[in-house]
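Please examine the following model, moving from its overall composition to its individual side-chain features.

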Amino acid sequence: MSDNSNNQDALAQSELRDASEIEITEEMQAFYKRADAVIELANSQLSPTSHSGQVGASLLYAAARYSASVASIGFVKGDDLRKEKEEIIEFYTKQYRQMLSDNIDDYAQNFDKYVQLNRPN
């Protein structure tokens, strides 16, 4: 799983995102810019016929498919990839769980700022 060390670095950086004493490096800025671009694409797919739950499900599927592709890098045979399946799933599940937890904490802390629920102007 050495090919995924960048993912681990990104996770560590995401945990530090809101810490005021931490400098946001160019690499971290690029990480968030890529994430924001994906979120913008997902938001652009919202419509009267595709609600956020549907778009979110597609986004999760795309993340899983892309992650499987990334995980396959460096393997010579499919059987070797298959042998590492559980470790790969554990790695990505742990990453996702931490990122989701961090973002839920952020949304809870900034709920009024992030969530606009039928508020009068």
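How much area does the chain expose, and what share of it do carbon and sulfur atoms supply? In this predicted model, the exposed area comes to about 9900 Å², of which 54% is supplied by carbon and sulfur atoms.

The chain contains six helices and zero strands, and its pattern along the sequence reads α-α-α-α-α-α. Of its 121 residues, 17% are buried. Among contacts with a separation of 6 or more, 43% join residues that lie 24 or more positions apart.

One feature of the surface is a nonpolar patch of about 390 Å², formed by L60, Y96, L100 and I104. Helix 5, spanning residues 85–109, provides the largest share of this patch, namely three residues. Y96 is located in helix 5. Because its relative accessible area is 44%, Y96 is classed as partly exposed; that class lies between the limits of 20% and 50%.

Charged side chains offer a further point of interest. The structure holds one salt bridge, in which the side chains of R82 and D79 meet at 2.6 Å, N to O. Both R82 and D79 belong to helix 4, which covers residues 78–83. Their spacing of three residues corresponds to about one turn of the helix.

Are the two partners of this salt bridge buried, partly exposed or exposed? R82 has a relative accessibility of 57% and therefore counts as exposed, whereas D79, at 47%, counts as partly exposed.

Conventions
Residues are numbered from 1 along each chain as its sequence is written. This is a predicted model: local features need pLDDT of at least 70, side-chain atom pairs count only at pLDDT 80 or more; totals for chains, interfaces and linings use all residues. Side-chain values use heavy atoms; hydrogens and water are left out. Patches are made of residues with over 30% relative accessible area and no salt bridge: like charges are joined within 9 Å, nonpolar side chains (Val, Leu, Ile, Met, Phe, Trp, Tyr) within 5 Å. Accessible areas come from the Shrake-Rupley method with a 1.4 Å probe; for residues, only the protein chains shown count as cover. A salt bridge is a side-chain nitrogen of Lys or Arg within 4 Å of a carboxyl oxygen of Asp or Glu. Helices (H or I, at least four residues) and strands (E, at least two) are DSSP runs, numbered from the N terminus. Buried means under 20% relative accessible area, exposed over 50%, partly exposed in between (1.4 Å probe, protein chains only). Contact means heavy atoms within 4.5 Å.
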